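Here are a few quick notes to go with the model. Have it open while you read.

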Amino acid sequence: MGRAAKCGNADSAPSGPGGALKGAVAVKVRHILCEKQSKALEALSLIQAGEPFDKVAREVSEDKARQGGDLGWKTRKEVVASFADAAFALNVGEMTRQPVRTEFGYHLILCEGRK
């Protein structure tokens, strides 16, 4: 990994028919999970300042993100709804603009692939 993530969302993404993001059945994602929103916002600031996502994930994430936050390929059914909505709205190389709240805490999500 080693590169900084570009923040984005579906508003800036290439679209398919009707203006919607081209459909995917799975996304390859990394994440940073923090219990508190303030810590997730600190991680976001580090990434925006140029720190590589995977490095920040290893240092800040409060889950067992031993691989730089790599979750691999996930379908919508494998993750909670708010995580899925955010992850599937991203293009490859894009990261959520703000932390996404789930029952587990606050996530920063980086999309590395769509299929």
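1. A contact here means heavy atoms within 4.5 Å. With that in hand: among contacts between residues at least 6 apart in sequence, 68% join residues at least 24 apart. Keep in mind that this is a predicted model.

2. On the overall layout, the protein chain has three helices and six strands, and from the N terminus they run β-β-α-α-β-α-β-β-β. Of the 115 residues, 45% are buried. The chain exposes about 6,300 Å², with carbon and sulfur atoms supplying 48% of that area.

3. Now the charged pairs: the count comes to eight salt bridges. Have a look at Lys28, Arg30, Asp70 and Glu112, which are linked in a network of them.

4. Within that network, lysine 28 pairs with aspartate 70 at 3.8 Å, N to O. That ties strand β2 (residues 27-34) to strand β3 (residues 70-74), with the two partners 42 residues apart. Lysine 28 also bridges to glutamate 112, where the closest N and O atoms are 3.2 Å apart. Here the link is from β2 to strand β6 (residues 105-114), across 84 residues.

5. Which of these partners is buried? Glutamate 112 is, at 18% relative accessible area, while lysine 28 is partly exposed at 22% and aspartate 70 is partly exposed at 32%.

6. A local case for contrast: lysine 55 and glutamate 59 form a salt bridge at 3.7 Å between the closest N and O atoms. They sit four residues apart in helix α2 (residues 53-60), so about one helical turn separates them. Lysine 55 is partly exposed at 32%; glutamate 59 is exposed at 55%.

Definitions and conventions:
Residues are numbered from 1 along each chain as its sequence is written. This is a predicted model: local features need pLDDT of at least 70, side-chain atom pairs count only at pLDDT 80 or more; totals for chains, interfaces and linings use all residues. Side-chain values use heavy atoms; hydrogens and water are left out. Helices (H or I, at least four residues) and strands (E, at least two) are DSSP runs, numbered from the N terminus. Buried means under 20% relative accessible area, exposed over 50%, partly exposed in between (1.4 Å probe, protein chains only). Accessible areas come from the Shrake-Rupley method with a 1.4 Å probe; for residues, only the protein chains shown count as cover. A salt bridge is a side-chain nitrogen of Lys or Arg within 4 Å of a carboxyl oxygen of Asp or Glu.
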